[in-house]
Amino acid sequence: MCSAGSTPLGMYRKLVEFHKEGKLSFQYIKTFNMDEYVGIPDDHPESYHTYMWQNLFQHIDIDPTNVHILDGNAQNLQKECDDFEQSIKDAGGVDLFVGGGRD
Ligand SMILES: O=P(O)(O)OC[C@H]1O[C@](O)(CO)[C@@H](O)[C@@H]1O
């Protein structure tokens, strides 16, 4: 479970570094982000989609189908959250939670 914000940035940088040094692969990793803004496009500079791709995902070998970030533009936000919860359960639950700030 990933978060955005300033707290995990240093860790994301280290993960990218380890990957580039050939010490770490994300090939079999599934990620879920804890939140996303409602009503801004995924490619908005402030979205958590943009944050995650710019700071981590585009630099590592993660399979994009293993990246899960809530759709803040879903027609039915409750259903989006419920489906997201189910996807987490289907993936076997959360093994590691990377929080940020006071979360
Ligand atoms: O780590 P920071 O900069 O305090 O940011 C925390 C923010 O990041 C988020 O965790 C984003 O995922 C928010 O929920 C939270 O408000």
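Two residues are taken to be in contact here if their C-beta atoms, placed from the backbone, lie within 7 Å. By that criterion, and leaving aside its neighbours within four places in sequence, F57 is in contact with M52, I62 and V67. The structure in which these contacts are found is a predicted model, and what follows should be read with that in mind.

F57 leads directly to the interior of the model, since F57, M52 and I62 are among the eleven residues of the largest nonpolar core. The other members of this core are C2, A4, Y12, Y48, Y51, L56, I69 and L70. Helix α2, which covers residues 48–55, gives the most to the core, with three residues. In soluble globular proteins, nonpolar side chains tend to be buried together.

Helix α1 comes before α2 in the chain and runs over residues 9–20. Its twelve residues, at 1.5 Å a residue, should span 16 Å, and because the C-alpha atoms at its two ends are 17 Å apart, the expected and computed spans agree. After α1 comes G22, a residue whose phi is positive, near 80 degrees.

The segment before α1 contains G5, a residue that links several parts of this description. G5 counts as partly exposed because it has 14 C-beta neighbours inside 10 Å, a number that falls between the limit of 12 or fewer for exposed residues and that of 20 or more for buried ones. Although G5 and Y48 are 43 residues apart along the chain, their C-alpha atoms are separated by 8.7 Å. When residues up to four places away in sequence are not counted, G5 touches G100 and G101.

These three glycines meet again at the ligand, where G5, S6, T7, G100 and G101 are the closest of the eleven residues that surround it. By character, the shell around the ligand divides into three nonpolar, six polar and two charged residues.

A contrasting position is that of D95, which lies in the segment after α3, the helix of residues 77–90. D95 is exposed, because 9 other C-beta atoms lie within 10 Å of its own. The C-alpha atoms of D95 and G39 are separated by 30 Å, and the two residues are 56 apart along the chain.

As for annotation, an unreviewed UniProt entry places the feature "domain: Glucosamine/galactosamine-6-phosphate isomerase" at residues 3–92. In the model, this span is 38% helix and 4% strand, and its end C-alpha atoms lie 19 Å apart.

Conventions: Residues are numbered from 1 along each chain as its sequence is written. This is a predicted model: local features need pLDDT of at least 70, side-chain atom pairs count only at pLDDT 80 or more; totals for chains, interfaces and linings use all residues. A residue is near a molecule or strand if its C-beta atom, placed from the backbone, lies within 6 Å of it. Ala, Val, Leu, Ile, Met, Phe, Trp, Tyr, Cys and Pro count as nonpolar, Asp, Glu, Lys and Arg as charged, and the others, Gly among them, as polar. The expected span of a helix is 1.5 Å times one less than its number of residues. UniProt positions are given in the numbering used here, feature names are shortened, and annotations may be inferred rather than shown by experiment. A nonpolar core is a set of buried Ala, Val, Leu, Ile, Met, Phe, Trp, Tyr and Cys residues joined through C-beta atoms within 7 Å.
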